[in-house]
Amino acid sequence: MTRHGGQLLVDSLVALGATRAFGVPGESYLAVLDGLHDTAGRLDFVNCRNEGGAAFMAAAWGKLTGQPGICMVTRGPGATNASIGVHTAMQDSSPMIMFVGQIGTDMRGREAFQEVDYRAVYGTMVKWAVEIDNVDRIPEILARAWKTATTGRPGPVVIALPEDMLSSRTETAPLAGPAEYPEPMPAPQTVQKARAILAEAKRPLILYGGCNWTRSGSEALQRFAEGSDIPVVSVFRYQDMFDNYSPCFCGEAGVGMTPGVRKLITEADVILAVNNRFGENSTDAWTLLEVPVPHQRLIHVHGSDLELGKVYQPELGIHSGPNAFVEALAEVPVSGDWADWRSDARATWEAGFELGDLPSPVDMGKVSAHLRNLLPGDAILTNGAGNFAVWPNKFYKFGPDARLLAPQSGAMGYGVPAAIAAKLNDPARTVVCFAGDGDFQMTCQELATASQYNAQPIILILNNGIYGTIRAHQERHYPTRVSGTDMVVNPDFSALARAYGFHGERVERTEDFAAAFDRALASQTGAVLDLNISPEALTPRVSLSQMREAALKAGKG
């Protein structure tokens, strides 16, 4: 059968198992759009309002499903708009493939209209960047891209598609299906050695990360931790991969790291690190463990050999997928005299949920407590970047069925597109997005996408009229010298929501929130609740004024 390159690409994606592509159309990949014309119900194109929103949706889809999120954008401005989602997928270790329409091969190197060298631009941001010059190679390169995005340390791949290549005809057959790449397995003697090192500990700790956990893998990790009575800590924004109701779960190592988690990492004598890349946020800028040889005995397990020894030299480095490793490890627990170590850490984490009254018309401490009690066990929470993200990240308990979609990259605007992707994946689940007023306005136009595809989440806008994270840094380092962080003009968010077909309302007081959230849950068109938050309530325990006063006493400013 003869077909053009766009049809060959789409037919191969369908065979690989892709069911949705997120994008903004462009004339540079018209042949792909033509191929998508005949795949409704098998591979659906979600027409987004900005390429950044489309790329965020694809990155979130990859994190949520474990399958590559597919993004399609046009050349030049389309691709550069989408770069924020690609960067987020890389830092999140989330599988993603972005297809970029490209100028014709006959124009290359002349600075043609919207010409970009994607291998150069994305080379340091992705696992692989490639351009397909020959239509017959589409199945080959797509198969490699799918494998690259999903194996080892998952991440994004960028594929440039020249216009003339896509419109060329070929008799090459599409892919018939995905190849199977089982996780690397640990050798039995290596698992035994890891178990022996843990058994010699006085203060052991399990530190895990990554989105590519299976249910059986998460359960095996929990089984081993509970059977061995070892405290467990997640890296930044991956606490949903372990049941937080387990007595072994003791917190998250990330931005705003609590003293209890910091103590666990610094005072541990053995750390079993599974599937984490030892990023800046989970190590407090690589200060909690000495570089390159930590004083803690370190066992590092990762599916990519490139992550082993990248920053820290482990006593034992194990090249293994996380699920394969913990399923082997869980067969025999270890034991030691560390029960108080674990129980004290758990008690400290539980105590962290206790808050006094916050200086704000809407008290997010009380709102978070209400949501912990109310939301179903399989709820999905999303957020972008800002001080407001502390509420879903530090004041919610994720059971085995709940999920958190949040960017390790600290990308503003991620939460709304991620929530839309989650609703598209499973419309029946309750999806709640936490957004700051600045964060929301980065991608609020995607509410139109949500309405068009009937994928409308509940969005909570924590509206304090400032860029809160930057203001907090400003008050700590340059107190009283406020510059560039006020947002004195914001739209009427509830009216904006209604314009996009959502239920929208303003919540002025804490006591009004419960009824407003009930109305949001009942809405068939999603909801946006605009919460009246005082700038004083920048963090759960330190007000803006207290930050300023402390900085002035320290002689800053």
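Helix H8 and the sheet it lies across

Colleague: What makes the length of H8 agree with its 12 residues?
Modeller: At 1.5 Å a residue, H8 should span 16 Å, and its end C-alpha atoms are 17 Å apart, which agrees. Bear in mind that this is a predicted model.

Colleague: Which residues of H8 are called buried, and why?
Modeller: Buried means under 20% relative accessible area. Thr190, Val191, Ala194, Arg195, Ile197 and Leu198 of H8 are therefore called buried.

Colleague: How do you know that the buried residues line one face of H8?
Modeller: Seen down the axis of H8, they fall within an arc of 160°, so they line one face of the helix. On the other side of H8, Pro188, Gln189 and Gln192 are exposed.

Colleague: What do the buried residues of H8 pack against?
Modeller: Their partners are strands E9, E12, E13 and E14, together with helices H9 and H11. H8, residues 188-199, lies across those four strands and runs at about 145° to E14.

Colleague: What is the order of the strands in the sheet?
Modeller: The 6 strands form an open sheet in the order E11-E10-E9-E12-E13-E14, with parallel pairing.

Colleague: Why are E11 and E14 said to stand at the edges?
Modeller: Strand E11 (249-253) and strand E14 (316-319) each have a single partner strand, so one side of each is left without a neighbour in the sheet. From one strand to the next, the twist averages 20°.

Colleague: Why do E10 and E11 count as paired?
Modeller: Pairing needs at least two bridges. E10 (residues 232-235) and E11 are joined by 3 bridges, so they pair. Val235 stands opposite Ala253 in E11.

How values were computed:
Residues numbered from 1 in each chain as written. Predicted model: local features only at pLDDT ≥ 70, side-chain atom pairs only at ≥ 80, totals over all residues. Heavy atoms only, no water. Helix = DSSP H or I, 4+ residues; strand = E, 2+ residues; numbered from the N terminus. Axes fitted to C-alpha atoms, helices over the stretch in contact; angles between N-to-C directions. Contact = heavy atoms within 4.5 Å. Expected span 1.5 Å × (residues − 1). Buried < 20%, exposed > 50% of the residue type's maximum accessible area, 1.4 Å probe, protein only. Arc of directions from axis to C-beta.
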